[in-house]
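These are my notebook entries on aromatic rings, charges over rings and enclosed cavities, taken in the order in which I looked them up.

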Amino acid sequence: MMPVLNTILDSVVDTIAPPTPAFENFIYHWEKFMVNYLEWTTDGQFSQTHIEETNVPGHLEIVQQILLCEDKNEKTATNLCMEYVLKNDLFNMLAVIAEKEKLIGIRILVLKFMTNLISQLRNPVLAHPSFFITIQRLINLCDNVLYNKQQQDQIHFLYMLCTLLNDQQNVSIIFFSYEANMHHLEEAKALSTESSTFNRLNLLDCILTYINTKNTDVYCKCCDCILLLTKLNDENVIDFIINKTRLCSTLSEHFRSLFCALPTTLDYNGLETIELNWRDDYNATYSNDVTKFFCWLNFITEVIRDGQLKISYSFCESLRLLFFNKLFDTSEQILPSYVFLLKKIYKAADHTPLNYTMNYWLRSELDCSYYIKQTPIDILIKLSSNTDDIFVFNILNFFIDVLLDSDKEVLDFIILRFVNNRNYYERCTSGTWSDEEDEREKKLLSNENNINTSRTLAPSSIDRIINRLLALIPQNLHSDQLHTFKDYITDVKNNYENIFDKCSKFDWPTEALESVKLYDFDEGPFLRMIFKKISNIPNQNSSTTLQLKIILIFLSSLPHPYLHEYLLNSTLPLKRNVPSLYMVLCHVLKEVHKKILAFPNYNEELIQARQRILNSTSIKLLKEKNSDVIIFNNAVILEELCKELVAVLFVKYHHSNSA
């Protein structure tokens, strides 16, 4: 009853007495606060009383109100109360009281007091030694590893501090750099009667202790704090974050732990298009492992996209070392889900430094125990020979995304370095081809001044090339006589122009010319894998065939003269044992044709298959297990592949001529 009675008496005095000047009122309530606190913590003993049972909160609340009112009063020339606080180091005194916590609840009371001040003062002087030492002590107290019972109040204080530092970026370094930190600590010691020796925990590392919190609100505040600090533009802060904090390693290791917690078998239904937002979709209590992983992926891509560029690249390098490099370093069989998730990460990385890092990682040799000196691309190509349809589907899907990204180094590594000369070409001694080549050479010479015109992309034999491709499809394999290559031209033209614009900055040649040195031709492991899978079309899932079509159309659309000539010019004489797309398609279509004719009602089946293909996606076709249905689906896909290849030839020819 005594605390309540004292509060009532104070109220009565305030009512009947004239208004007290703010400074005197401040001194009165500060002294009352200290007296009340000491009464409950006599002889250094830890009180079992909760702070709400005392007058301590009431007096500190009035102290806070006076400081804020004084700050907002524009008529006041000087802030006497704040000057008194800073001169006498009262904030630091509060921090020491919070550290000792002899009265239950005093720590959170002080934390809320300082949170309100730094969030409401017009210009809190964070760099003042008295202010700084207090904030630094409270940062230490907010270390969630040590004190995790008051997460919400602690993270709210840290969040308000991060927000304030974004407005006062010139002083942000003092909460990171140990040198600046020590300088302010020495100044504070001179003011304080209390010892100022304590472990200095930098602000960001303190925030990182909340990453595994079970509280959704705390998790979101923690993420917001990280985003705020990684946007600070002080070079010293940026360097300190990269070199002296645990940001990169902690975020990377957390990403790996969430990845490892995922179920070994995933239900891909819906996951292909899933896009989760960490602010809206994460719930610490109800989110499953898949949701947690995708929310964290969304968060780290936001850090990489919006943070300072140096921090983003450093974080991406940490991800490469601590996550990507360890992805294939396992004695267990690589799971289809690994490749599926790799594709999701690659897609999320689009237009961020993570995209560059992943492209670099894909073509870098791994130094791990199970795939020594092999690149991830090499590993994935080998794994694509797996008989598991889902596994192959995920690998080809991933390759599609990588190719469509059109990174010059990746395209060169996967394909172009193997086809970047004319070693596939067999010089003819007969007159026919030599005459045509002589005519080609003359046209090349006559077009010296028009460097944008490529006779390789626009050969004089274009009609022969197109007719040979169209003739590949037997008449009784046509599922729709009215649908021709011309129906593809508009889409192919738009697609080619986009690809051409992307590749225009690459230093690719414009013509396929004779090599000075002749070597044995090697199409490379990727094209070898593609040709092998085309040959196996009669015996494989139609989802794979559809993916092969997408890959071949993209490769054919690249404005690279050697790749174009090798893939699309079927009239070109090739060296012995050099495989060609035309011959592979010729053999596979003959085999498909033979199987189709074995069905008495094959015309109707082809029409139905065409409807299925038009209304299906690769993921839907993946579920089809009926071999009869699959062969008809594959026939239709091959038919459309040939038509679309012709459309690509047609568009590239006219685009090159118009240049």
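Is tyrosine 356 buried, partly exposed or exposed? I worked from a predicted model, and in it tyrosine 356 has a relative accessibility of 46%, so I entered it as partly exposed, since that class runs between 20% and 50%.

**Entry 1, aromatic pairs.** I looked up the ring pairs and noted a count of 32 aromatic pairs. I then took phenylalanine 293 and phenylalanine 294, whose ring centres lie 5.5 Å apart with an angle of 75° between the planes; because planes over 60 degrees apart count as edge-to-face, I recorded the pair under that heading. For burial, I found phenylalanine 293 at 0% relative accessibility, which counts as buried, and phenylalanine 294 is likewise buried, at a relative accessible area of 6%.

**Entry 2, the tyrosine pair.** I next turned to tyrosine 313 and tyrosine 356, an aromatic pair that is also edge-to-face, with 6.2 Å from centre to centre and 80° between the planes. Tyrosine 313 belongs to helix 16 (residues 309-322) and tyrosine 356 to helix 18 (residues 353-362), so this pair ties together parts that lie 43 residues apart in sequence. I noted tyrosine 313 as partly exposed, with a relative accessible area of 37%, and tyrosine 356 is, as entered above, partly exposed at 46%.

**Entry 3, a cluster of rings.** Following the ring pairs further, I found a cluster that they link together, made up of Phe255, Phe259, Phe293, Phe294, Phe323, Phe324, Phe328, Tyr338 and Trp361. The two phenylalanines of my first entry, Phe293 and Phe294, are thus among its members.

**Entry 4, charges over rings.** I looked up two arginines whose charged ends sit over a ring: that of arginine 417 lies over phenylalanine 413, 4.2 Å from the ring centre, and that of arginine 422 lies over tyrosine 425, with 4.2 Å to the centre of that ring.

**Entry 5, cavities.** My search for cavities of 30 Å³ or more gave three, and I followed up the second largest, which holds about 50 Å³ of space. I listed Leu469, Leu567, Leu568, Ser570, Leu581, Tyr582, Leu585 and Leu645 as its lining. Helix 27 (561-568) and helix 28 (581-596) are the elements that each give two or more residues to the lining of this second largest cavity, and helix 28 supplies the largest share, three residues. Sorting that lining by class, I counted seven nonpolar residues, one polar residue and no charged ones.

Methods: Residues numbered from 1 in each chain as written. Predicted model: local features only at pLDDT ≥ 70, side-chain atom pairs only at ≥ 80, totals over all residues. Heavy atoms only, no water. Phe/Tyr/Trp six-rings, centres within 6.5 Å; stacked < 30°, edge-to-face > 60°. Buried < 20%, exposed > 50% of the residue type's maximum accessible area, 1.4 Å probe, protein only. Helix = DSSP H or I, 4+ residues; strand = E, 2+ residues; numbered from the N terminus. Lys NZ or Arg CZ within 6 Å of the ring centre and 35° of its normal. 1 Å grid on protein atoms, 1.4 Å probe; cavity = no way out; pocket = protein on both sides within 12 Å on 5 of 7 lines; lining within 4 Å. Points joined across faces, edges and corners; volume = space filled by probe spheres on them. Nonpolar A, V, L, I, M, F, W, Y, C, P; charged D, E, K, R; others polar.
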